[in-house]
Amino acid sequence: MAQSAAPATGTPAVPAITPISLKEIAPWTIFFGILALILLYFVGAEQGATALISGEGVHEWVHDGRHLLGFPCH
């Protein structure tokens, strides 16, 4: 016996869409914004005049990303 997933009569039920409040989404927006700024710093400015980590390790890890995004590095 085959069973149908669609209701037999009438139009199919549409699930209600509940809106997300600004209070619920604000912490995630701030978190990802800070994360993006940290990533932008390491790709764009680390190993320059404002280097926080000594050595060439960070530079080598983000080297191709710098060229891809147009940051000068050498």
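**Exercise 1. Get a feel for the chain: work out what share of it is buried, and which secondary structure elements it has.**

Solution. Start with burial: of the 74 residues in the chain, 9% are buried. Keep in mind that you're looking at a predicted model. Next, go through the secondary structure: the chain has two helices and zero strands. Now check the contacts with a separation of 6 or more: 15% of them are between residues 24 or more positions apart. Finish with the surface: the chain exposes about 6,700 Å², and 71% of that comes from carbon and sulfur atoms.

**Exercise 2. Find the residues that make the nonpolar surface patch of about 460 Å², and say how exposed its aromatic members are.**

Solution. Step one is to pick out the members: Trp28, Phe31, Phe32 and Leu35. Step two is to place Trp28, which sits in helix α1, the stretch covering residues 22-44. Step three is to go through the accessibilities. Trp28 has a relative accessible area of 53%, so it counts as exposed, because the cut-off for exposed is over 50%. Phe31 comes in at 45%, so it is partly exposed. Phe32 has 47%, so it goes down as partly exposed too.

**Exercise 3. Count the aromatic pairs in the structure, then classify the one made by Trp28 and Phe31.**

Solution. The count is three aromatic pairs. For Trp28 and Phe31, take the distance to begin with: the ring centres are 6.4 Å apart, and rings pair if their centres lie within 6.5 Å. Then take the angle: the planes stand at 90°, so this pair is edge-to-face, because planes over 60 degrees apart get that label. How far apart are the two residues along helix α1? They are three residues apart, so about one helical turn separates Trp28 from Phe31.

**Exercise 4. Carry on from Phe31: classify its pair with Phe32, and see what the ring pairs build.**

Solution. Run the same kind of check again. Phe31 and Phe32 have their rings 5.1 Å apart, centre to centre, with 65° between the planes. That makes the pair edge-to-face. Now put the pieces together: ring pairs join Trp28, Phe31 and Phe32 into a cluster. To close the loop with Exercise 2, these aromatic residues also belong to the nonpolar surface patch, along with Leu35.

Terms used:
Residues are numbered from 1 along each chain as its sequence is written. This is a predicted model: local features need pLDDT of at least 70, side-chain atom pairs count only at pLDDT 80 or more; totals for chains, interfaces and linings use all residues. Side-chain values use heavy atoms; hydrogens and water are left out. Patches are made of residues with over 30% relative accessible area and no salt bridge: like charges are joined within 9 Å, nonpolar side chains (Val, Leu, Ile, Met, Phe, Trp, Tyr) within 5 Å. Accessible areas come from the Shrake-Rupley method with a 1.4 Å probe; for residues, only the protein chains shown count as cover. A salt bridge is a side-chain nitrogen of Lys or Arg within 4 Å of a carboxyl oxygen of Asp or Glu. Helices (H or I, at least four residues) and strands (E, at least two) are DSSP runs, numbered from the N terminus. Buried means under 20% relative accessible area, exposed over 50%, partly exposed in between (1.4 Å probe, protein chains only). Rings of Phe, Tyr and Trp (its six-membered ring) pair if their centres lie within 6.5 Å; planes under 30 degrees apart count as stacked, over 60 as edge-to-face and the rest as tilted. Contact means heavy atoms within 4.5 Å.
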